[in-house]
Amino acid sequence: MVGVNQTHALHQLAPLAAELDDNKVTPGLLGFVIFAVIALGLWALMKNMGKQMKKIDFEEQPDGAVPAADDQTRRVAAAPVPAGTEPKAPEA
């Protein structure tokens, strides 16, 4: 008899289902909740990223200013290596 009651309850809801438009699909409450959770997560990540960016201490140097250490390093790196003096790779 339990199955009869369930079937009877579904027959009462059938006229309500007939009024629904089959071509119209909406996300409903679940879609809104998922979207809200994603939006809150994005907001939290952006807030945290702002804090992390404020911790960075960066000063950009003008284009013409080259520190002395960098200038010396460039001269050594740009100097040609005489043939036969290249360091050999260690043998395994």
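This tour moves from the whole chain to one helix and then to two patches on the surface.

Begin with the entire protein in cartoon view, keeping in mind that this is a predicted model. The protein contains 3 helices and 0 strands, and, followed along the sequence, these give the pattern α-α-α. Switch next to a surface representation of the protein, which exposes about 9,400 Å², with carbon and sulfur atoms supplying 65% of that area. Of its 92 residues, 0% count as buried.

Now select residues 28-55, which make up helix 2. From the first C-alpha to the last, this helix of 28 residues reaches 42 Å, close to the 40 Å expected at 1.5 Å a residue. How many buried residues does helix 2 have among its 28 residues? The count is 0, and the helix is accordingly hardly covered.

With helix 2 still in view, select Lys-47, Lys-51, Lys-54 and Lys-55, and show their side chains: these residues gather on the surface in a patch of positive charge. Centre on Lys-55, which has its place in helix 2. Is Lys-55 buried or exposed? Lys-55 counts as exposed because its relative accessible area is 62%, where the cut-off for that class is over 50%.

For the last stop, select Leu-42, Met-46, Met-49, Met-53, Ile-56 and Phe-58, which form a nonpolar patch on the surface and together have about 680 Å² of accessible area. Among them, Met-49 lies in helix 2, the helix in which Lys-55 of the positive patch is also placed. Met-49 has a relative accessible area of 43% and is therefore partly exposed, since that class covers values between the limit for buried, under 20%, and the limit for exposed, over 50%.

Note on methods. Residues are numbered from 1 along each chain as its sequence is written. This is a predicted model: local features need pLDDT of at least 70, side-chain atom pairs count only at pLDDT 80 or more; totals for chains, interfaces and linings use all residues. Side-chain values use heavy atoms; hydrogens and water are left out. Helices (H or I, at least four residues) and strands (E, at least two) are DSSP runs, numbered from the N terminus. Buried means under 20% relative accessible area, exposed over 50%, partly exposed in between (1.4 Å probe, protein chains only). Accessible areas come from the Shrake-Rupley method with a 1.4 Å probe; for residues, only the protein chains shown count as cover. Patches are made of residues with over 30% relative accessible area and no salt bridge: like charges are joined within 9 Å, nonpolar side chains (Val, Leu, Ile, Met, Phe, Trp, Tyr) within 5 Å. A salt bridge is a side-chain nitrogen of Lys or Arg within 4 Å of a carboxyl oxygen of Asp or Glu. Lys and Arg count as positive and Asp and Glu as negative; His and the chain ends are not counted. The place of a charge is taken as NZ of Lys, CZ of Arg, CG of Asp or CD of Glu. The expected span of a helix is 1.5 Å times one less than its number of residues.
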